[in-house]
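Trainee: I am new to this one. Could we go through it together?

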Amino acid sequence: MNPENQVTSQQRRPDWAALVIAAVLVAMAAVVFFDVARLNETTGYSQVGPATVPHWIAYVLVGLGIWTVFAAFRRDFPERERQEFGPVVWVVAGLVAQMVLIRPLGFSIATGALFGLAAAGFGARRIWISIPVGIVICLGIYWLFAVVLQLSLPAGPLEHLIH
């Protein structure tokens, strides 16, 4: 088999990652359609009700899924770089830490841990500095939301100091 035929047959294969993305888009649309079907359609005097925007979002997701399928078969996507899993693990660890810590320790400490671990994922090597900096920033955010805007965020020991 000559090299030209080999390249042509390789180009005819679909981009499998793009097909997976298309399936996820259509699945997300199905979830939105399912949730919207449970809403009561109370439009009143207007043609716009609580289900109007979610319906359009679901239609757009289906359209994007179809478009992605065509692009996958045309191989219109750029060549992907090799995936680095180390940074992804740091960020996921930060998200898990926030979920585990938010109830017992409050918003500031939990989100500060997320900040520090995500910073490590993006290349910050002094995590012992990143986490306290994140806690201070998040304590300021907590003060803004809870005290100034009077919105409810999970309070922990640090948050009780400023209330």
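Mentor: Here come some questions and answers on the fold, one helix and one residue pair. This is a predicted model, where local features need pLDDT of at least 70, side-chain atom pairs count only at pLDDT 80 or more, and totals for chains, interfaces and linings use all residues. Residues are numbered from 1 along each chain as its sequence is written, and side-chain values use heavy atoms, with hydrogens and water left out.

Trainee: How many helices are there in the protein?

Mentor: Helices (H or I, at least four residues) and strands (E, at least two) are DSSP runs, numbered from the N terminus. The elements run α-α-α-α-α-α-α from that end. With 0 strands, the count of helices is 7.

Trainee: How many residues of α5 are buried?

Mentor: Helix α5 covers residues 107-121. Buried means under 20% relative accessible area, exposed over 50%, and partly exposed in between, with a 1.4 Å probe and protein chains only. In the protein, 26% of the 163 residues are buried. Helix α5 is mostly covered, and of its 15 residues the buried ones number 14.

Trainee: Which residue with a positive phi follows α5?

Mentor: Look just past the helix, where phi is near 115°. The residue there is G123.

Trainee: Which side chains meet in a salt bridge?

Mentor: A salt bridge is a side-chain nitrogen of Lys or Arg within 4 Å of a carboxyl oxygen of Asp or Glu. The structure holds 1. One partner is exposed, at 67% relative accessibility for R82, while E84 is partly exposed at 44%. At 3.0 Å, N to O, the pair is R82 and E84.

How values were computed: The expected span of a helix is 1.5 Å times one less than its number of residues.
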